[in-house]
Amino acid sequence: MEVKKGVSKKTLYDYQQEDLRKIFKHLDEMPQGTNLLYQLPTGGGKTVVFSEITRKYIQNTGKKVMVLTHRIELSKQTSQMLHGFGVANKVINSEVKELYDQDDYMCFVAMVETLNNRLQEEKVTINNIGLVIIDEAHYNSFRKLFKYFDKATILGVTATPLSSNIKLPMKDNYKHLIIGESIKSLIEKGFLAKAKLYNYDVSLKTLKLGIHGDYTVKSSDEFYGNHSMLGKLLMAYEEIAKGTKTLIFNNGINTSLYVYETFKKAGYNIRHLDNKNTATERREILDWFAETPDAILTSVSILTTGFDEPTVQSIILNRATRSLTLYFQMIGRGSRVLPDKDEFNVIDMGNNIARFGPWDVPVDWQEIFHFPDFYLENIKNDEEIERDFVYEMPDELRAKFSKSDDITFDIKAEYKKVFAEGKKSKEVLERSIEQHAKICVENSEDVFDARILAKELKEEIAYRVKQYSYCIMNNTKNYKEWLEEDYERKLRSSISKKFAARL
């Protein structure tokens with residue numbers, strides 16, 4: 001098969017041309033069979049780049065190219081893109097049992113599992129493969145195919161060159177990493193939309209880590225499915241994303257269904273999608289989502305790859321993750337630009353921005369590729385993140401303390417002061433109780449009103465106690481609960497004394 005000149009209607013952007021030059025320089029200079037990895041952010045046009053690589057490689061070498069994907073949708077999209085570049089190709093899917101017509105094609109697109117089965121059954125052998133391109137190369141399912149292509153060069157393509165399995169680093173399979181344009185640069189050049197980031201501090205201490213190093217679905221469902229977190233999610237949507245086309249990512253099907261019920265009850269236009277939906281249902285739901293301006297779609301990680309809906313205006317991360325890849329994939333779903341869209345909202349309900357840094361901050365991918373263990377060990381843990389939380393009193397509650405000039409109290413600063421004065425650390429909480437009692441009394445007619453006000457300070461008391469326990473390095477759950485109860489009791493007592501003194 002020859003690639004007809006003039007068929008390709010696609011033109012590559014400058015940065016894609018530059019990456020192409022770098023990749024071919026490596027391919028030309030390195031011995032056949034050396035594996036390369038190419039990194040380009042979601043939305044940077046990876047499929048466009050490797051389609052042009054395929055076209056040029058076949059033209060230059062006369063050898064065949066195999067493109068591997070891990071999802072059926074990606075196979076179809078890739079095949080169409082290759083056709084757009086004038087590369088006739090055959091998709092090896094579950095219907096293809098044998099390859100009688102392999103000499104008619106110079107390019108094949110295959111799903112990992114399907115190809116692995118055919119090669120194991122020895123029903124398919126493909127001759128003269130010079131280059132194997134692996135899309136979403138950070139997944140480990142591809143490794144089992146490497147042995148069949150040991151004479152070919154393998155080019156892995158990914159937005160995040162960090163293996164999905166800690167025990168199987170990518171540097172074991174790829175010799176060089178070629179870095180493409182950064183997210184920041186793609187935003188500045190107008191190729192990606194700018195993310196407006198909003199994070200809601202949530203305490204994740206009930207979440208548990210599973211064997212693969214990420215939070216378990218069970219503990220996530222329990223945490224995100226509870227009434228208070230669902231309320232917080234709805235409030236966040238109403239504050240920031242109301243009326244925009246919104247995609248909500250969850251860690252469990254149960255959570256997604258709870259989210260669906262909560263938003264439905266509140267009168268919003270929402271649908272739920274998970275991997276149990278049939279292909280027809282999925283298509284119908286995604287068509288509805290594309291056509292409905294204020295649509296909200298709640299799902300589990302099913303839409304992180306191979307899903308492209310440029311009209312998405314808001315992304316809600318209603319889950320915590322310790323996977324950098326997943327973090328970039330979820331946010332990337334909102335980053336497509338349109339003539340009337342150059343920014344989008346990201347609402348983080350899982351401390352993910354605090355864990356990984358803002359989405360558009362440059363990342364040292366070479367270091368992550370070469371030293372993945374070091375990177376993974378240094379991901380911020382939840383306790384560290386929560387230590388930096390700053391409690392802000394909601395406006396509604398703040399209004400109830402309008403007669404007080406200052407309602408703030410800095411536990412950490414006070415602790416330093418008490419320490420410098422050589423006093424016992426519990427003096428910090430006593431001063432905090434005194435300040436709380438003062439503002440309750442200032443804004444109440446009588447002792448009963450003041451006690452009712454004091455009850456509304458429960459969240460702030462918990463925050464102050466937590467800050468105090470960090471200062472004295474005693475952060476056990478039982479101790480904090482005892483301190484909170486003791487604090488509330490002393491606060492009631494102090495309020496009573498202040499009113500008694502008035503009389």
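Here are a few short exercises, with worked solutions, on a predicted model.

**Exercise 1. Work out whether helix 10 is enclosed or open to the outside.**

Start with the span: helix 10 covers residues 324–332. Next, go through its residues. Leu-324, Thr-325, Leu-326, Tyr-327 and Phe-328 are among the buried ones, and Gln-329, Met-330, Ile-331 and Gly-332 are buried too. That's nine of the nine, so helix 10 is largely enclosed by the rest of the structure.

Two of these residues turn up again in ring contacts: Tyr-327 and Phe-328 belong to a cluster, linked by ring pairs, that also includes Phe-356 and Trp-365.

**Exercise 2. Classify the ring pair Phe-146 and Tyr-174, and say which parts it ties together.**

Searching the whole structure turns up 16 aromatic pairs. For this one, the ring centres are 6.1 Å apart and the planes meet at 85°. Planes over 60 degrees apart count as edge-to-face, so that's what the Phe-146 and Tyr-174 pair is.

Now place the two residues. Phe-146 is in the loop between strand 5 and strand 6, while Tyr-174 is in the loop between strand 6 and strand 7, so the pair ties together parts 28 residues apart in sequence.

Last, check burial, where the cut-off is under 20% relative accessible area. Phe-146 has 13%, so it is buried. Tyr-174 has 5%, so it is buried as well.

**Exercise 3. Do the same for Phe-344 and Trp-359.**

Here the ring centres are 5.7 Å apart with planes at 85°, so this pair is edge-to-face. Phe-344 sits in strand 13 and Trp-359 in the loop between helix 11 and helix 12, so the pair ties together parts that are 15 residues apart in sequence. For burial, Phe-344 comes in at 2% relative accessible area and is buried; Trp-359, at 2% relative accessibility, is buried too.

**Exercise 4. Find which rings Lys-245 and Arg-271 sit over.**

Take the lysine to begin with: the charged end of Lys-245 is over the ring of Phe-289, 5.6 Å from its centre. Then the arginine: the charged end of Arg-271 is over the ring of Trp-288, 5.4 Å from its centre.

**Exercise 5. Look at phi for Glu-136 and Asn-351, then say where each residue lies and whether it is buried or exposed.**

Most residues other than glycine have a negative phi. Glu-136, not a glycine, has a positive phi of about 55°. Glu-136 lies in the loop between strand 5 and strand 6 and is buried at 9% relative accessible area.

Asn-351 also has a positive phi, near 55°. Asn-351 is in the loop between strand 13 and helix 11, and its 2% relative accessibility counts as buried.

Conventions. Residues are numbered from 1 along each chain as its sequence is written. This is a predicted model: local features need pLDDT of at least 70, side-chain atom pairs count only at pLDDT 80 or more; totals for chains, interfaces and linings use all residues. Side-chain values use heavy atoms; hydrogens and water are left out. Buried means under 20% relative accessible area, exposed over 50%, partly exposed in between (1.4 Å probe, protein chains only). Helices (H or I, at least four residues) and strands (E, at least two) are DSSP runs, numbered from the N terminus. Rings of Phe, Tyr and Trp (its six-membered ring) pair if their centres lie within 6.5 Å; planes under 30 degrees apart count as stacked, over 60 as edge-to-face and the rest as tilted. A charge sits over a ring if NZ of Lys or CZ of Arg is within 6 Å of the ring centre and within 35 degrees of the ring normal.
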